[in-house]
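Work through the exercises below with the structure open. Each task is followed by a solution in steps.

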Amino acid sequence: MPSPAQQFVGATAYDMSGHKIGKIQQIFVDVRTRQPKWVVVNHGLFGRSAAHVPLAGAYCGTNAVTVAVEKQAVKEAPQLRVRAGITPEDEHRLQRHYDLPDPPLPAPEPPPRQSHNPALDIAAAAAGIGGTAMSTVASTLSRHAQIGQPNRACRPVMSPSRGPG
């Protein structure tokens with residue numbers, strides 16, 4: 001059974017003015033939220049060109065998706081060669097092109113508690129936590145780098161019948 005995101009592969013994409021852009025070839029989901037975020041739309045003469053199009057603000061109907069960008073912006077979109085996923089750098093390029101706001105960075109995971117000492121908890125609360133955010137972020141980022149997590153903002157949705165585009 002296809003996922004809800006996969007049902008739109010093959011659907012026709014239209015711009016805000018109702019102009020046909022092309023057929024949706026692939027869907028990319030956010031790696032954190034697992035929500036559909038970008039689609040690759042084949043457009044141009046015989047669908048030979050492809051562009052990444054944002055799903056933010058899109059309306060999904062039966063076999064049709066109206067995206068919140070104009071057809072001309074899709075034609076002028078940066079060309080990405082993506083197979084394993086969209087990198088944060090590529091996503092930033094696309095966001096700048098489509099004039100989309102940058103999403104907020106995810107909050108880092110809280111640091112592990114070493115020991116529970118009520119006196120230290122009270123002292124820390126009285127002193128405040130100023131100055132610890134940067135070291136926590138640096139610690140979290142270096143921990144992710146050590147673990148070897150791939151640097152991807154979005155990943156393609158895999159179709160049961162074929163791999164990523």
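Helices and strands here are DSSP runs, numbered from the N terminus, with at least four residues for a helix and at least two for a strand. The model is predicted.

**Exercise 1. Describe the order of elements and the overall burial of the protein chain.**

Step 1. Count the elements: the protein chain has 4 helices and 7 strands.

Step 2. Read them from the N terminus on: the order is β-β-β-β-β-β-α-α-α-α-β.

Step 3. Turn to burial: 28% of the 165 residues count as buried. The exposed area of the protein chain is about 10900 Å², and carbon and sulfur atoms supply 58% of it.

Step 4. Take the contacts with a separation of 6 or more: 54% of them involve residues 24 or more positions apart.

**Exercise 2. Trace the salt bridges and state which residues form a network.**

Step 1. The structure holds 3 salt bridges. Side chains of opposite charge can pair when their charged atoms come close.

Step 2. Start at Lys37. The side chain of Lys37 meets that of Asp30 at 3.2 Å, N to O. Glu91 also forms a salt bridge with Lys37, with the closest N and O atoms 2.9 Å apart. This second pair links distant parts of the chain, since Lys37 is in strand β3 (residues 36-43) and Glu91 in helix α2, 54 residues apart.

Step 3. Join the pairs: Asp30, Lys37 and Glu91 are linked in a network of salt bridges.

Step 4. Check the two acidic residues against the cut-off for burial, under 20% relative accessible area. Asp30 is buried because its relative accessibility is 6%, and Glu91 is buried because its value is 7%.

Step 5. The remaining pair is Arg93 and Asp90, whose closest N and O atoms are 3.6 Å apart. Both lie in helix α2, 3 residues apart, about one turn of the helix. Arg93 is partly exposed at 34%, whereas Asp90 counts as buried at 18%.

**Exercise 3. Is Thr87 buried or exposed, and which backbone atom lies 3.0 Å from a polar atom of its side chain?**

Step 1. Locate Thr87: it sits in the loop between α1 (71-75) and α2 (88-97).

Step 2. Thr87 counts as buried because its relative accessibility is 17%.

Step 3. The backbone atom is the nitrogen of Asp90, 3.0 Å from a polar atom of the Thr87 side chain.

**Exercise 4. Describe the surroundings of Ser49.**

Step 1. Ser49 belongs to strand β4 (residues 49-54) and is partly exposed, at 33% relative accessibility.

Step 2. Leaving out residues up to four places away in sequence, Ser49 touches Val41, Asn42 and His43.

Definitions and conventions:
Residues numbered from 1 in each chain as written. Predicted model: local features only at pLDDT ≥ 70, side-chain atom pairs only at ≥ 80, totals over all residues. Heavy atoms only, no water. Buried < 20%, exposed > 50% of the residue type's maximum accessible area, 1.4 Å probe, protein only. Contact = heavy atoms within 4.5 Å. Areas by Shrake-Rupley, 256 points an atom, 1.4 Å probe, with all protein chains shown as cover. Polar contact = N/O pair within 3.5 Å; in protein donor to acceptor, adjacent residues only side chain to side chain. Salt bridge = Lys/Arg side-chain N within 4 Å of Asp/Glu carboxyl O.
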